[in-house]
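Open the model in your viewer and set the cartoon representation, with side chains ready to switch on. We will go from one selection to the next and look at what is there.

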Amino acid sequence: MTTDFDQEIDRQGTQSAKWGVIQDPDNPSRWIATDDYFGKNRLLPLWVADMDFPAPQPVIDALVRRAGHGIYGYTLRTDSYDQAVVEWMARRHSWAIEPDWILSTPGVVPAVNWLVRTFAGPEKKVLVQQPVYYPFFSAIETNGSEIVSSPLTLNDRRYTMDFADFEKKAADPAVSLFILCSPHNPVGRVWTREELTRIGEICLKHQVLVVADEIHGDLIYKGVTFTPFAAISEAMAANAVVCTAPSKTFNLAGLHTSNIIIPNPALRRRFQQTLNSCGMGKWANPFGVVACETAYREGEPWLDDVLAYIEANLDFLDAYIDAHIPGIRVIRPEGTYLVWLDCRGLGLDRLGLKRLMMKKARIFPDEGFIFGPEGEGFERINIACPRSVLKEALERIRRAVSSS
């Protein structure tokens, strides 16, 4: 069954975080419930990474069948579930993994917190590449570690890694962990095999463990190849923890099911001990188990369709901004459905940009500075929405900029 991605689905009354809360413009740390996303002068939410498209029909059907059973007791992952993950990685990414490498968590963000606790912790440092997914910062700091950044370099609308700076930072004996964002959120780079190999060799040389957040690894545009970090070599695999999930791929984030793949048995045992100490034993979300397995077995046609639709959205956005909003430059992503917009040409400070987007244009993006100081003057928007919504948002930005 083909999904109509052009159809706008009313998410009012579904307890959606994306459509139910808003950041207080005067206090960014405070979130408040709102109905501003609905009605004639609605605010358009383009912030958090969740799609405004229904999940694949086979997943919906499987969840309805499971809900109809009526008993939702303690649930286990099955061999069939693990095999679905194994087959997906082999088919989609040419990465051969073993079922016993897989540990499940209720999300990649909780997993990153527990990984920092396990392999870094107090008096240790964790390396990141800013601007980067901001929950990494709290995962590091709340578990007693120190953030060390090797910032990415922006040249002509394309970000690259600064390998010399990265090695300098990795050489610090206190740095025990590197969180690799691949594909990168928010800048949209899909790192090449060569880039990953070079960064991996530096980490091996300085005994820095790599935690690879690959949650967006299925969302890759035409002509681009995604390389799982642990698939590069046995040495890389032995020094890696890979965080994956069906959540971004198939719009299943609310089902809280992620798969943490750890080829190295010693590392796997250490992480399992942390999960056990947090009460995260063998139990799984019954609906998450069903959704993940079904998506990996039957959701690929839907994924191909949604990627084509999102890439067409990207082409539309790129052309529109280039033609109508000269003060903004698109950093065109190679993967993810998130787009990093360079708004520095508008000449606005942080508060002025917030007012332009939220009060004048009536859209709610993620502000760039929350991804690190290198994101100052940027905005991240989510284009996994019907094209009519994207068009409305861009027209609002154009009018707001023109009247400023």
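Select Ile331 and Trp340 to begin: Trp340, in β16, is the bridge partner of Ile331. This is a predicted model, so treat each stop as a look at computed coordinates. Now widen the selection to β15 and to β16, residues 338–342; these strands pair in the antiparallel sense over 3 bridges.

Next, show the whole sheet. It is open and antiparallel, with 4 strands in the order β15-β16-β19-β18. At its edges stand β15 (329–331) and β18 (366–367); each has a single partner strand, so one side of each lacks a neighbour in the sheet. Add residues 300–324 and helix α11 appears, packed on the sheet and touching β15, β16 and β19 (378–382). The helix direction makes about 10° with that of β16.

Go back to Trp340 and add Phe371. How are the rings of Trp340 and Phe371 placed relative to each other? Their centres are 5.4 Å apart and their planes stand at 80°, so this pair is edge-to-face. Trp340 belongs to strand β16 while Phe371 sits in the loop between β18 and β19, so the pair ties together parts 31 residues apart in sequence. Both rings belong to buried residues: the relative accessible area is 0% for Trp340 and 0% for Phe371.

Phe371 also leads to the next stop, since Asp366 is in contact with it. Asp366 is in strand β18 and is buried, at 4% relative accessibility. Switch on its side chain together with that of Arg380, and you will find a polar contact of 2.7 Å joining the two. Beyond its neighbours within four places in sequence, the contacts of Asp366 also include Trp47, Val48, Tyr134 and Glu379.

Now colour the aromatic residues. The structure holds 22 aromatic pairs. One of them joins Tyr133 and Phe136, with ring centres 5.5 Å apart and planes at 90°, so it is edge-to-face. Tyr133 and Phe136 are both buried. For a bigger selection, pick Phe5, Phe53, Trp88, Phe250, Tyr296, Trp302 and Tyr309, which form one aromatic cluster.

Last stop: the cysteines. How many disulfides does the structure hold? There are 0. Select Cys343 and Cys385 to see why: the sulfur of Cys343 has its closest cysteine sulfur in Cys385, 16 Å away and too far for a bond. Cys343 is buried at a relative accessible area of 2%, and Cys385 is buried at 1%.

Note on methods:
Residues numbered from 1 in each chain as written. Predicted model: local features only at pLDDT ≥ 70, side-chain atom pairs only at ≥ 80, totals over all residues. Heavy atoms only, no water. Disulfide = S-S within 2.5 Å. Buried < 20%, exposed > 50% of the residue type's maximum accessible area, 1.4 Å probe, protein only. Pairing = 2+ DSSP bridges. Helix = DSSP H or I, 4+ residues; strand = E, 2+ residues; numbered from the N terminus. Contact = heavy atoms within 4.5 Å. Axes fitted to C-alpha atoms, helices over the stretch in contact; angles between N-to-C directions. Polar contact = N/O pair within 3.5 Å; in protein donor to acceptor, adjacent residues only side chain to side chain. Phe/Tyr/Trp six-rings, centres within 6.5 Å; stacked < 30°, edge-to-face > 60°.
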